[in-house]
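Here's a walk through one protein model, from its overall layout down to a few single residues. Keep the structure open while you read.

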Amino acid sequence: NSTTTGVLLDLQNGFYYRRGLLSDGASSYELRWYAHRSLRSLYVMELTVRKASTQDVLVTLRNNIGAESEDITFAGVDMADDAFVMACGATNVAETEDSGTHDVCVASTSLPPSLTVTDEISGKTQTFIAAVRTSLEGDSKPAEVQADAAADLSAGVMAASAGTLARSHTD
């Protein structure tokens with residue numbers, strides 16, 4: 001459980017922040033979201049927790065995948081690495097009479113059910129990334145849309161590991 005103490009929309013840099021206190025009343029968190037400006041298929045959420053005592057803090061995380069949609073039917077795709085999840089599908093209804101339906105894939109880093117904040121990770125940012133690709137981008141076939149989403153996610157994860165993902169968003 002947590003209490004939100006503030007929100008901020010940074011229009012200049014393209015970030016949305018939510019800050020608050022955890023249930024111990026002293027440890028704090030910051031969430032930062034952004035749709036990456038140059039890696040356009042990426043949606044990024046960053047979580048930083050700062051614990052206020054020497055005791056570890058358990059943060060429960062919930063992956064809200066949303067309700068089933070009448071617009072798109074998704075099915076899970078097996079990934080070689082458990083650190084990633086993917087769902088692909090197609091729009092159920094064409095946007096126009098001439099457009100046909102379109103394939104959609106969402107690849108993302110797995111969100112653990114909880115995060116134990118130790119001294120080692122207190123104050124360090126945890127990054128979660130989703131990559132969304134569609135067949136609208138270059139009239140791709142379903143397998144290409146899936147491969148593109150996986151490749152974009154991989155590029156985002158590598159940039160995050162190198163510490164350049166947020167900076168490349170604001171450059």
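Read along the sequence, this predicted model goes β-β-β-β-β-β-β-β-β-β-α-α, so to speak a run of ten strands and then two helices. Helices here are DSSP runs of H or I with at least four residues, strands are E runs of at least two, and both are numbered from the N terminus. Residue numbers start from 1 along each chain as its sequence is written. Since the model is predicted, local features need pLDDT of at least 70 and side-chain atom pairs count only at pLDDT 80 or more, while totals for chains, interfaces and linings use all residues, and side-chain values use heavy atoms, with hydrogens and water left out.

Now the overall numbers. Along the principal axes, the C-alpha atoms fill a box of roughly 60 × 35 × 30 Å. Of the 171 residues, 32% are buried, where buried means under 20% relative accessible area, exposed means over 50%, and partly exposed is in between (1.4 Å probe, protein chains only). Take the contacts (heavy atoms within 4.5 Å) between residues at least 6 apart in sequence: 51% of them join residues at least 24 apart.

**The sheet**

Eight of the strands make an open sheet, ordered S1-S2-S3-S4-S10-S8-S7-S6, with antiparallel pairing. At the edges sit S1 (2-10) and S6 (72-77), each of which pairs on one side only. On average, neighbouring strands in this sheet are turned by 15° against each other, direction ignored. For such angles, axes are lines fitted to C-alpha atoms (for helices, over the stretch in contact), and values run from 0 to 180 degrees between N-to-C directions. Two strands count as paired if DSSP finds at least two bridges between them. As a general point, strands of a sheet pair through backbone hydrogen bonds, either parallel or antiparallel.

Here are some of the bridge partners.

| Residue | Bridge partner | Strand of the partner |
|---|---|---|
| Met-45 | Phe-128 | S10 |
| Cys-105 | Arg-133 | S10 |
| Phe-74 | Gly-89 | S7 |
| Ala-75 | Cys-88 | S7 |

S10 turns up twice as a pairing partner: S4 and S10 are antiparallel over seven bridges, and S8 and S10 are antiparallel over five bridges. At the S6 end, six bridges join S6 to the antiparallel S7 (residues 84-91), and the two strands form a hairpin with six residues between them.

What lies across S4, S6, S7, S8 (103-109) and S10? That's H1, which runs at about 155° to S10.

**Three residues to click on**

Start with Ser-108, in strand S8. Is Ser-108 buried or exposed? Ser-108 counts as buried because its relative accessibility is 16%. Leaving aside neighbours within four places in sequence, Ser-108 is in contact with Ala-83, Phe-84, Val-85, Ile-129, Ala-130 and Leu-153.

Next is Ile-72, in S6. Skipping residues up to four places away in sequence, Ile-72 touches Gly-89, Ala-90, Thr-91, Asn-92 and Val-104. The C-alpha atoms of Ile-72 and Cys-88 are separated by 9.2 Å, with their positions 16 residues apart along the chain.

Then there's Tyr-16, in S2 (residues 15-22). With a relative accessible area of 30%, Tyr-16 is partly exposed. Tyr-16 touches Val-7, Leu-8, Leu-9, Leu-31, Arg-32 and Trp-33, again not counting residues up to four places away in sequence. Tyr-16 and Met-45 are 29 residues apart in sequence, and C-alpha to C-alpha they are 9.5 Å apart in space.

**The second largest pocket**Rolling a probe the size of a water molecule over the atoms shows where empty space is left. The second largest pocket holds about 160 Å³ of space. Of the 13 residues lining the second largest pocket, the closest to its centre are Arg-32, Glu-46, Thr-125, Thr-127 and Ala-166. A pocket here is an open set of points on a 1 Å grid over the protein atoms alone, where a 1.4 Å probe fits and protein lies on both sides within 12 Å along at least five of seven lines; lining residues have an atom within 4 Å of a point. Grid points are joined across faces, edges and corners, and the volume is the space filled by probe spheres set on the points.

Which elements each supply at least two residues of this lining? They are S3 (28-35), S4 (42-50), S10 (125-134), H1 (142-161) and H2 (165-170). H2 gives the most, with three residues. By class, the lining has four nonpolar, five polar and four charged residues. Ala, Val, Leu, Ile, Met, Phe, Trp, Tyr, Cys and Pro count as nonpolar, Asp, Glu, Lys and Arg as charged, and the others, Gly among them, as polar.
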